[in-house]
Every structure is written in C-alpha cells, then in structure tokens.
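Please open the model in your viewer and keep the sequence panel beside it. We will go from the whole chain to single residues, one selection at a time.

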Amino acid sequence: MLKVEICVTSPAGIEAAVAAGADRVELCRDLTCGGVTADDELIQRAMVLCAQAGVGLRLLVRSISHGFTHSVTEAGDLVQQLRRLHLLTKNTANLDVGFVVGALTERGGVDRGFLRQARQAAGDCPLVFHRAIDAATDYKLALEQVAEAGFDAVLTTGGNGASADVAGLSKAREVLGSRCKVIGSGGLRASNIAEVIRKARLEEVHFRAPTDSPDETNPHLAKAITRAARSL
C-alpha cells in the first residue's frame, strides 16, 4: 500500500497532514534553506500529536543551511545530534519515529564512516538518507553505499535535483531492490503525483503543501495531493 509523507514545520502542519490522510510527517524548521532540525519543544509536541493520531514521525537532522557538503567536524556534529535525538525519543510508546540525515564530502561522495556512525547513533530506529543523495557525484554508487550501511530508505528525486525524475527513480528502485526503500519526492503536486507513482512504481512519496509562507502547510493542498496520490 502506498505511504504518503508530508513535510511540516509546526503542530498546525501536523494536524493538516493528519486531516489530509498522511501516513507520516517529516518535521523540520526553516524551509527557506531546505530545512534544519526542529527544537526540542517542537519535537516533543510533534511526538504527542503523531502518537495520538497514529501517524509516523521522521525528524530531519541537519544543522547547516548551506547545502549538503560537510566537513569532518560538521559530519561528526550531525552524528552527535542524531545520538542525542535518539535518546530523546527512544522511550515513546506507540510511535513510529525515525530520522532523516545526510552528508556529502567535499568531492561529492558519501562518507562511509559517517554512514556507519549515523546507523549506530540511530539504534534500531528507521533511518533515511535525505536528498543530499541527488547532489552526489556518482548517484548509483551513493545509493549502493547507503544501502550497504543499513539505511532503511532514501529520499530522492531520482538524482535530478528539484523535480521528480521517473527514469532516475526507477533506476534507484532497481539498484536498491529490497535492501532500502525509495521515497520519491521533488515537486509532487496533484497534477503529477499519480503519474510519477505509476511510472516509477513508487511505494512511498514525500511532498510539501506550501502556502505563500514556505514554513506553513496548506491543508487544502495537502488533501488534494494526497487524494491524487491515492487515486491509483
């Protein structure tokens, strides 16, 4: 069955996603830079709301706003932040909670040491490599390395930057097989999401439902996109 994930930045956004019929939300803040980690107060509120509604929660773990290339120190800081958030959330009953993280080296590759440390820091929680994968110098190799490191899913447009690429998403599914799930993303709206799901044979999708303010969620748009996705 198709799983729908909506990116949100507030309790109101979570409520809009739940009302739209989402299966999960990804929580972050400051979408003007692509999103960074939410503060603890917001995370704890989100945990309560998601547990009550029976929807999954994914927490973005990202502390910089200038792209996906990280120094050794920055990558280490990400691992520490992931470890802390795992401790913050690990005793939450009846909640599917996981983490979304990613980092590229200065050469545009995925650091295997970072992948291994991130997997350890997240414990047995679901772990997603985010759209840094689309900026990797070698997309196929990056996919392989993420899967080998034991990540549960990859959030990707298919290696095409901002927009969902059917051929790239199909390639990602072929490369990863059953080892790692593909969460398709990239400008998915009511007008195109069903076609992308069908052609790429996606089982999971991720999108935003923005208003004029990028950090708010439009409940009507969220519902329309979700309805279109489930029309298949």
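On this tour, two residues are in contact when heavy atoms of theirs lie within 4.5 Å. One more thing before you start clicking: this is a predicted model.

**Stop 1: the whole chain**

Show everything as a cartoon. You should find 8 helices and 8 strands. The radius of gyration is 16 Å, close to the 17 Å that the globule rule gives for 232 residues, so the protein is as compact as a globular protein of that length. If you draw a box along the principal axes, the C-alpha atoms fill roughly 40 × 40 × 30 Å.

Now turn on the surface. The protein exposes about 10,400 Å², and carbon and sulfur atoms supply 47% of that area. Buried residues make up 51% of the 232 residues. Among contacts with a separation of 6 or more, 65% join residues 24 or more positions apart.

Colour by charge next. There are 27 positive and 27 negative side chains, and the centres of the two sets lie 5 Å apart.

**Stop 2: the nonpolar cores**

Hide the surface and select I6, L27, L57, F99, F114 and I193. These are the residues with the most contacts inside the largest nonpolar core, which has 70 residues. Helix 2, residues 40–53, gives the largest share of this core, with 6 residues. As a general point, nonpolar side chains in soluble globular proteins tend to be buried together.

Zoom in on F114. Which residues does F114 contact, leaving aside its neighbours within four places in sequence? Select A75, L78 and V79, then V101, G102 and A103, and you have them.

Apart from the core of F114 lies another core, of 9 residues. To find this second core, select C7, L60, V128 and A153, which are among its members.

**Stop 3: E5, a charged residue in a strand**

Go to strand 1, residues 3–8, and pick E5. Is E5 buried or exposed? Its relative accessible area is 3%, under the 20% cut-off, so E5 counts as buried. Show what surrounds E5: not counting residues up to four places away in sequence, E5 touches R24, V25 and E26, along with R58, V205, H206 and F207.

**Stop 4: T226 in helix 8**

Keep F207 on screen and add T226, which is found in helix 8, residues 219–230. T226 touches F207 too, together with V4, I6, A20 and G21, when residues up to four places away in sequence are not counted. At a relative accessible area of 2%, T226 is buried. For a sense of scale, draw a distance from T226 to L60: these residues are 166 apart along the chain, and their C-alpha atoms are separated by 21 Å.

**Stop 5: A172 in helix 6**

Next, select A172 in helix 6, residues 166–176. This alanine is buried, with a relative accessible area of 0%. Beyond its neighbours within four places in sequence, A172 is in contact with Y139, L143 and V182. Now stretch a distance line from A172 to R45. The two are 127 residues apart in sequence, and the line from C-alpha to C-alpha spans 34 Å.

**Stop 6: two loops**

Select R201, in the loop between helix 7 (193–200) and strand 8 (204–207). Most residues other than glycine have a negative phi. What is the phi of R201? It is positive, about 55°, although R201 is not a glycine. The relative accessibility of R201 is 56%, over the 50% cut-off, so R201 counts as exposed.

Finish at T211, in the loop between strand 8 and helix 8. T211 is partly exposed, with a relative accessible area of 27%. Not counting residues up to four places away in sequence, T211 touches E216, T217 and N218. As a last distance, join T211 to L221: the two are 10 residues apart in sequence and 8.7 Å apart in space, C-alpha to C-alpha.

Definitions and conventions. Residues numbered from 1 in each chain as written. Predicted model: local features only at pLDDT ≥ 70, side-chain atom pairs only at ≥ 80, totals over all residues. Heavy atoms only, no water. Helix = DSSP H or I, 4+ residues; strand = E, 2+ residues; numbered from the N terminus. Rg over C-alpha atoms; globule rule 2.2 N^0.38 Å. Buried < 20%, exposed > 50% of the residue type's maximum accessible area, 1.4 Å probe, protein only. Areas by Shrake-Rupley, 256 points an atom, 1.4 Å probe, with all protein chains shown as cover. Lys, Arg positive; Asp, Glu negative; His and termini not counted. Charge placed at Lys NZ, Arg CZ, Asp CG, Glu CD. Core = buried A, V, L, I, M, F, W, Y, C linked by side-chain atoms within 4.5 Å.
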